[in-house]
Amino acid sequence: MYEEIAQNRRRTVLLMVGAVVFLGAVGYAIGLYWGTGPTGLVIAAVLALGLALASYFGGDKVVLASARAKEVTPEQEPRLHNVVEGLAIAAGVPKPRVYVVPETAPNAFATGRDPEHSSIAVTQGLLDIMNRVELEGVIGHELSHVVDRDILVGTVVATLVGAAVLMSEFFMRSWWWGGFRGRRGSDSNGGGIELVIFVLGFVLLAIAPIAGQIIKLAVSRNREYLADAQGALLTRYPPGLVAALKKIEAAPHAMHAANNATAHLWLDQPSRVPGERTSAMEKLFSTHPPIAERIKRLEEM
């Protein structure tokens, strides 16, 4: 289990480094085209920082509102509050605020910029079908996201990638509308090396939206595996989360409030249609690994 956790952390670090390099490459390519040197890289960094700060400090409120989550008191949901409080004590973090989402599909998510400003939300459908052990498995998973500051990790990666994609789209639009004024015009008689750099840079900008999405989703899937392992370590009972995931997989209801912008936060892919097999392409562009693979890894612990 500890090796699984360490391996997932190493993968996340590599993916985050990849996101930084990706942003820098896009910024450099734009600066090269416009003949402004490192200006494109500076603009990319400033844009990423601004987006990160905005989502870091206000993103949780937007997420809770979009999911129609309602905060509940210990009197309204005593079992849920008891489980959250017990696991928060075991994890050594303040008790998160507790919300319930009016959805029949079983699911849950955690949000907040740090353990001191965190919230855990579960759907009514999850509360209705989970026993205490299974609920502990789910809450342990979500609390692991809080402890690991996954919201911060997700915010950093999403904003790095988002800034790169925004800059790429801006450049491509300016290209098509005749706004291009780069080195192609001034150095058209230059050497072959500059032509190669130009072509590679243009290809990078063209594929940036797809490449950026793959990086972002790879980080999200990796963090789900990590939260599964750490949640099992927190509860000391992996079969609890295994049983919960099996119930979620077999549930006949789909999420009504599925939102691509917040899909990575949920315990299970909110857009997943019950009973349908996931294609290879869907797996590549999914925010979550297949439930069957998550169950397999947990059962091997």
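Which residues form a nonpolar patch on the surface?

## A nonpolar surface patch

In this predicted model, the patch is made up of Val13, Val17 and Val21, which together have about 260 Å² of accessible area. Of these residues, Val21 belongs to helix α1, the element that covers residues 2–34. Val21 has a relative accessible area of 54% and is therefore classed as exposed, the cut-off for that class being over 50%.

## Helix α3 and its two sides

Helix α3 runs through residues 78–91 and, with its 14 residues, reaches 20 Å from its first C-alpha to its last, which is close to the 20 Å expected at 1.5 Å a residue. The buried residues in α3 are Leu80, His81, Val83, Val84, Leu87 and Ala88. Viewed down the axis of α3, these buried residues fall within an arc of 165°, and so they line one face of the helix. An α-helix has 3.6 residues a turn, so residues three or four places apart point the same way.

On the other side of α3, Ile89 and Ala90 are exposed. The residue that follows the helix is Gly92, and its phi is positive, near 75°.

## Positive phi outside glycine

Most residues other than glycine have a negative phi. Against that background, two arginines deserve a closer look. Arg68, although it is not a glycine, has a positive phi of about 60°, and its place is in the loop between α2 (39–66) and β1 (70–71). With a relative accessibility of 39%, Arg68 counts as partly exposed.

Arg236 likewise has a positive phi, near 65°, in a residue other than glycine, and is placed in the loop between α8 (192–235) and α9 (238–250). Its relative accessibility of 65% means that Arg236 counts as exposed.

## A buried salt bridge between α11 and α8

Eight salt bridges are present in the structure. In one of them the side chains of Arg294 and Glu224 meet, with a distance of 3.6 Å from N to O. This pair links distant parts of the chain, since Arg294 lies in helix α11 (residues 291–299) and Glu224 in helix α8, 70 residues apart.

Is each partner of this pair buried or exposed? Arg294 has a relative accessible area of 0% and is buried, and Glu224, with a relative accessible area of 1%, is buried as well; the class of buried residues takes in values under 20%. The two residues also belong to a network of salt bridges in which Glu224, Asp228 and Arg294 are linked.

## Further salt bridges of α11

Helix α11 also takes part in a salt bridge between the side chains of Glu299 and Lys246, again with an N to O distance of 3.6 Å. Here too distant parts of the chain are linked, with Glu299 in helix α11 and Lys246 in helix α9, 53 residues apart. Lys246 counts as partly exposed, at 44% relative accessibility.

A salt bridge within α11 joins the side chains of Glu293 and Arg297 at 3.3 Å, N to O. Both residues lie in this helix, four residues apart, which is about one turn of the helix. Glu293 counts as partly exposed at 27% relative accessibility, and Arg297 falls in the partly exposed class at 21%.

Conventions:
Residues numbered from 1 in each chain as written. Predicted model: local features only at pLDDT ≥ 70, side-chain atom pairs only at ≥ 80, totals over all residues. Heavy atoms only, no water. Helix = DSSP H or I, 4+ residues; strand = E, 2+ residues; numbered from the N terminus. Expected span 1.5 Å × (residues − 1). Buried < 20%, exposed > 50% of the residue type's maximum accessible area, 1.4 Å probe, protein only. Arc of directions from axis to C-beta. Patch = residues over 30% accessible without salt bridge, like charges linked within 9 Å, V, L, I, M, F, W, Y side chains within 5 Å. Areas by Shrake-Rupley, 256 points an atom, 1.4 Å probe, with all protein chains shown as cover. Salt bridge = Lys/Arg side-chain N within 4 Å of Asp/Glu carboxyl O.
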